[in-house]
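Subject: Handover of a structure and notes on its contents

Dear colleague,

Please find below the structure that I am handing over to you. My notes on it follow.

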Amino acid sequence: MKIKITGTGSYIPERVISDKYFELHQFLNDDGTPIKQSNEVIIKKFKAITGIEERRYSESHHNTSDLAFLASQKAIESSGIDPETLDYIIFAHNFGDVKFGSNQSDMIPSLASRVKHKLGIKNPKCVAYDLIFGCPGWVEGVLQANAFIKSGMAKKCLVIGAETLSRVVDDHDRDSMIYSDGAGATVIEVSDDETGMLSYETASFTEEEVGFLFNGKSYHPGLDQNINYIKMYGRKIYEFALSNVPLAMKECLDKSGISIDEVKKILIHQANEKMDEAIVDRFYKLYDKEAPADIMPMSIHDLGNSSVATVPTLFNLILNGQIENHEINKGDILIFASVGAGMNINAFVYRY
């Protein structure tokens, strides 16, 4: 038995935030001292490393669960299923609903329950729950849907990844330029042919790595030090990802029995362009090969890093012909992979 994705949907906020938006920001070091470089230089270096030129921020009247609902509507419509037949709604996020102008997280009731309510699903046996797994949350949700279906506990699952990171960033932290908002959703069902998930790999590293991404105070000493924002040790995450993600991808591919030469696309979490390129290059070097030029579609240039939303959104955009020079065809072998807070790593090999 295999599981496959029968419907996809995404919601990309319309509010475009270019790099110019940050030219008047006051960026500080973590000790509160001013950064000596000009904002122009800071932004130029940021773009060269991350590849980000624009990102999307949600409109003030939308929360994370709203974005997820809009993406889920599209996924359900594209799958053609009756939403009342869903057995599980698995919602991956990290910060809950954070109202515009606030930094407070709201997770009760669960965001999955809110999406079920917005979808108008009345079936009480449709179980809705949230998944907190860092940026790899959507991939992990797909793996859980796989387990539910294979165990006989479910036939259809809705797996969502959504976030409004723009509301939990410290404006005085250069890393705030990375983050964005968005939502992606997928319907997962039993595969009755050769398509679907072929293998998977997942792991949590919780020794020194556990603190690489965390909640911390603003770099501005004049702001309320009891309010937390998303923070990270970027260099440590970069080194961790390069050491561990290619190995996880290799283990996953080897378990599938598929040759690396058959892989058509690698859909990796849109965290940082240089890091993603280095991960894929190192993955191919494990097979003594060079990475093909068109193997890794990227959406980060225009959409930024929306955490759990990046992978399902990227998949949906490719299927809808919205990523230039990239397409997915019947029978193509894909690798989905992600890395993020935890630190967590996961991947799965998929025949479309």
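A residue is called buried here when its relative accessible area is under 20%, exposed when it is over 50%, and partly exposed in between. Please bear in mind throughout that this is a predicted model.

Salt bridges

By that definition Asp97 is buried, because its relative accessibility is 6%. Asp97 is also the partner of Arg114 in a salt bridge, in which the closest N and O atoms are 2.8 Å apart. This pair links distant parts of the chain: Arg114 belongs to helix α3 (residues 111-119), while Asp97 sits in the loop between β4 (88-92) and α3, and the two are 17 residues apart. Arg114 is buried as well, with a relative accessible area of 13%.

How many salt bridges does a search of the whole structure find? The search returns 15. One of them joins Asp19 to Arg55, with 2.9 Å between the closest N and O atoms. Asp19 lies in the loop between β2 (15-18) and α1 (39-50) and Arg55 in strand β3 (residues 54-57), so this salt bridge ties together parts that are 36 residues apart in sequence. Both partners are buried: Asp19 has a relative accessible area of 10%, and Arg55 has one of 0%.

A further salt bridge is formed by the side chains of Lys255 and Glu201, at 2.9 Å from N to O. Here too distant parts of the chain are linked, since Lys255 is in helix α5 (residues 234-256) and Glu201 in strand β8 (residues 196-204), 54 residues apart. Glu201 counts as buried because its relative accessibility is 18%. In addition, Lys4, Asp192 and Asp193 are joined into one network by salt bridges that share partners.

The cavity

The count of cavities of 30 Å³ or more comes to 1. The largest cavity has a volume of about 80 Å³. Which residues lie nearest its centre? They are Ile12, Asp181, Leu303, Ser306 and Thr313, out of a lining of 14 residues. Strand β7 (181-191) and helix α8 (310-319) each supply at least two residues of this lining, and the largest share, 3 residues, comes from β7.

Strand β7 also holds Glu189. Glu189 counts as buried because its relative accessibility is 16%. Its C-alpha atom is separated by 8.5 Å from that of Asn146, although the two residues are 43 residues apart along the chain.

Backbone points to inspect

Most residues other than glycine have a negative phi, and most peptide bonds are trans. The following places depart from that pattern.

- The peptide bond from Ile108 to Pro109 is cis, with omega near 0°; Pro109 lies in the loop between β4 and α3.
- Gly342 and Met343 are joined by a cis peptide bond with omega of about -10°. Met343 is in the loop between β12 (333-340) and β13 (344-351).
- Asp288 is not a glycine, yet its phi is positive, at about 60°. Asp288 lies in the loop between α6 (273-285) and α7 (300-303), and it counts as exposed because its relative accessibility is 75%.
- Ser307 likewise has a positive phi, near 60°. It lies in the loop between α7 and α8 and is buried, with a relative accessible area of 3%.

A nonpolar surface patch

Ile108 appears again at the surface, where Met107, Ile108 and Ile132 form a nonpolar patch with about 320 Å² of accessible area together. Ile132 is in the loop between β5 (127-131) and α4 (137-151). Is Ile132 buried, exposed or partly exposed? Ile132 counts as partly exposed, because its relative accessibility is 48%.

Annotated regions

UniProt, in an unreviewed entry, lists the feature "domain: Beta-ketoacyl-[acyl-carrier-protein] synthase III N-terminal" at residues 129-202. Over those residues the chain is 20% helix and 41% strand, and the end C-alpha atoms are 20 Å apart. The feature "domain: Beta-ketoacyl-[acyl-carrier-protein] synthase III C-terminal" is placed by UniProt, also in an unreviewed entry, at residues 253-352. Over residues 253-352 the chain is 31% helix and 22% strand, with 15 Å between the end C-alpha atoms.

Yours sincerely

Note on methods. Residues are numbered from 1 along each chain as its sequence is written. This is a predicted model: local features need pLDDT of at least 70, side-chain atom pairs count only at pLDDT 80 or more; totals for chains, interfaces and linings use all residues. Side-chain values use heavy atoms; hydrogens and water are left out. Patches are made of residues with over 30% relative accessible area and no salt bridge: like charges are joined within 9 Å, nonpolar side chains (Val, Leu, Ile, Met, Phe, Trp, Tyr) within 5 Å. Accessible areas come from the Shrake-Rupley method with a 1.4 Å probe; for residues, only the protein chains shown count as cover. A salt bridge is a side-chain nitrogen of Lys or Arg within 4 Å of a carboxyl oxygen of Asp or Glu. Helices (H or I, at least four residues) and strands (E, at least two) are DSSP runs, numbered from the N terminus. Buried means under 20% relative accessible area, exposed over 50%, partly exposed in between (1.4 Å probe, protein chains only). UniProt positions are given in the numbering used here, feature names are shortened, and annotations may be inferred rather than shown by experiment. On a 1 Å grid over the protein atoms alone, a cavity is a set of points where a 1.4 Å probe fits but cannot get out, and a pocket is an open set with protein on both sides within 12 Å along at least five of seven lines; lining residues have an atom within 4 Å of a point. Grid points are joined across faces, edges and corners, and a volume is the space filled by probe spheres set on the points.
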